[in-house]
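Reader: Hey, got a minute to walk through this one with me? I'd like to start with the ligand and then look at some charged pairs.

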Amino acid sequence: MEKKAIHFGGGNIGRGFVAEFLHTAGFEVVFVDVMDSIINALQDTKSYQVTEVSDEGESTKTITNYRAINSKTHESDVIQEIATASVVTCAVGPNILKFIAPVIAKGIDARTDATPLAVIACENAIGATDTLHQFIKDNTAQDRIGSMPDRARFANSAIDRIVPGQAPDSGLNVRIEKFYEWAVESTPFGEFGHPEIPAIHWVGNLEPYIERKLFTVNTGHATVAYHGYHAGKKTIAEALQDSRIRNIVRDVLQETASLIIDKHEISAAEQQEYVETIITRISNPYLEDTVERVGRAPMRKVSRKERFIGPAAQLAERGGKFESLMGSLEMALRFQNVEGDEESVELAKVLKENAPADAAIRLTGLDRDHPLFPHVVKVVDGVQSDAKYTARRE
Ligand SMILES: NC(=O)c1ccc[n+]([C@@H]2O[C@H](COP(=O)([O-])OP(=O)(O)OC[C@H]3O[C@@H](n4cnc5c(N)ncnc54)[C@H](O)[C@@H]3O)[C@@H](O)[C@H]2O)c1
Ligand SMILES: O=P(O)(O)OC[C@@H](O)[C@@H](O)[C@H](O)[C@H](O)CO
C-alpha cells in the first residue's frame, strides 16, 4: 500500500521543504490549507517545481503525487485522510497550531490502524509538536486521552532551510536555498520505530539542535532584519553588505555562541564553523529575502522562549553577556505598524498603552524577579521615550 502523509500549510516551507522530502521518501502528500488560491492551484495541477539557488547555479526538482483539501469547507474529508495516513506534518506558523488541532484530534480519534500516526510539527519554535499535542489533547474526550499513544506518537523537530517569499507570478513553484537540516526526535516512536524519511536526521535529544538552530540562524536572521529595516534596506543580503550591521550580527552571535558552547558541550570551533555557514547562507543574494518577511510577527519573536529573550534570559542566569541581544530586542520593538504585519500593529498598541514594566511583562513573559527583567524594561522605556514613538503615545 502507498504511504500517505497529510501536511497542513501549503505555503513556502510546506511546498519547498516538507512536501519535497516526503515526496522523495515515497509518500503521497495530501496538503491541507485554508487559502482557496493555494488549494485550487494544488487541485488544478499535477506537479510543481522546487528550484535550489546558490552561487553554484540552479537545480530543479519536480514534485508530483499530491492532492489538496480545504479544511474550512471539507473538514470530514481531512478527518478521513488522517484516520488512514501514516504521517501528519504541519508548517502553518506557531500561532496557528491551536486552529489545526481540533481536526487532527478528530482524525486521530477515528484511527483503527495498529501502527500509530507519526505527528511532526515543522515550525520555528521550541517544542512545537508538544504544543500541538497539548491542543490535540484539549480537543479529545477525557476517556480517550490515556489510549492516544496507541493511535498517535508526537515528535518535536528542528527544521532549517531558507524559503523566501516567492515572486507573485511563480504559482506553486518555489525558489529555495540548497542547504537543509531536519532533525526529529526518535524516542517517541518506541517499539514502532520512526517513519522512513531519508532527509530526517533522527536524534535522541533534540534540545541542542533546536536551540543551536533558533539561537543562531533565527537570532542572526532577525537581527539583520530589524537593523536592516531601520536602515532602509530591502533584503537581508543587502543589509549584510553594510559593515555596521555585519558587525552587530557577529556580536550577537558571539553572545548566543557562548551559551550554546557552555550548555550543549558543542566545541567553540564547531560553533564558529556553524556561525560562518549561517552568515554565508543568510547573505545569499540569489534568495531576495525581504527584511519584512524575516522580521514578520515581532510579538512572537520577542516572546519568552524565542530568539532574543530565550538566549538572553539563559545568559543572564549564567552571568553571561547579552548587551548585543538587547540591541536586537530594541530594533524588534521598533518594528511597528509595518504594512501587512498585524503583530507589528499590535506591538505599537501595547507599547503605547502600557507602562514600561507592564509592556515588558506582556511582550516577553519574563517574571519581574528575573535577572534579565530590568534590562528589558530599560530597552522598552527607551523605545517608548523615543521622540518618534512618543508622538504616537499622546
Ligand atoms: N520560510 C522559511 O524559511 C522557514 C524555514 C523554516 C521554518 N519555517 C517555519 O515554517 C512555518 C511556515 O512558514 P512559511 O514561511 O512556509 O509561511 P507561509 O505563510 O508561506 O505558509 C503558511 C501556510 O499555512 C497556511 N495556513 C494558515 N492557517 C492555516 C490553517 N488553519 N490550516 C491549514 N493551513 C493554514 C497558510 O494559508 C499558508 O499557506 C513557520 O512556523 C516558519 O517559522 C519557515
Ligand atoms: O519563520 P520565522 O518568522 O520564525 O522566521 C523568519 C526566518 O528567520 C525563517 O523563516 C528562516 O528563513 C528559517 O528559519 C531558516 O531555516
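Author: Sure. One term before we start: a polar contact is a pair of N or O atoms within 3.5 Å. Also keep in mind that this is a predicted model.

Reader: OK, so how far is an oxygen atom of ligand 1 from an N or O atom in the side chain of E123?

Author: That distance is 2.5 Å. An oxygen atom of ligand 1 is also 3.0 Å from a polar backbone atom of N12. On the nitrogen side, a polar side-chain atom of R293 sits 3.2 Å from a nitrogen atom of the ligand.

Reader: How much of ligand 1's accessible area does the protein cover?

Author: On its own the ligand has 830 Å² of accessible area, and the protein covers 86% of that.

Reader: And which residues come nearest to ligand 1?

Author: There are 25 residues around it, and N12, I13, D33, E123 and V163 come nearest. By class, the shell has 14 nonpolar, six polar and five charged residues. Helix α1 (12-24) and strand β2 (27-33) each supply at least two residues of that shell.

Reader: Switching topic: how many salt bridges are there?

Author: The count comes to 28. One of them joins E81 to R67, with the closest N and O atoms 2.8 Å apart. E81 lies in helix α3 and R67 in strand β5, so the pair ties together parts that are 14 residues apart in sequence.

Reader: Are E81 and R67 buried or exposed?

Author: E81 counts as buried because its relative accessibility is 12%, under the 20% cut-off. R67 is partly exposed, at 34%. Those two also belong to a network of salt bridges with K4 and E28.

Reader: What about E211 and K263?

Author: Their side chains meet in a salt bridge at 3.0 Å, N to O. E211 is in helix α8 and K263 in helix α10, so this pair ties together parts that are 52 residues apart in sequence. E211 is buried at 5% relative accessibility, while K263 is partly exposed at 25%.

Reader: Last one, D160. Where is it found?

Author: D160 is in strand β9, residues 157-160. With 2% relative accessibility, D160 counts as buried.

Reader: Which side chain does the D160 side chain make a polar contact with?

Author: That would be R281, at 2.8 Å. Leaving aside neighbours within four places in sequence, the residues in contact with D160 also include F17, Y180, K213 and Y274.

How values were computed:
Residues numbered from 1 in each chain as written. Chains lettered and ligands numbered in written order. Predicted model: local features only at pLDDT ≥ 70, side-chain atom pairs only at ≥ 80, totals over all residues. Heavy atoms only, no water. Helix = DSSP H or I, 4+ residues; strand = E, 2+ residues; numbered from the N terminus. Buried < 20%, exposed > 50% of the residue type's maximum accessible area, 1.4 Å probe, protein only. Polar contact = N/O pair within 3.5 Å; in protein donor to acceptor, adjacent residues only side chain to side chain. Contact = heavy atoms within 4.5 Å. Near = heavy atom within 4 Å. Areas by Shrake-Rupley, 256 points an atom, 1.4 Å probe, with all protein chains shown as cover. Nonpolar A, V, L, I, M, F, W, Y, C, P; charged D, E, K, R; others polar. Salt bridge = Lys/Arg side-chain N within 4 Å of Asp/Glu carboxyl O.
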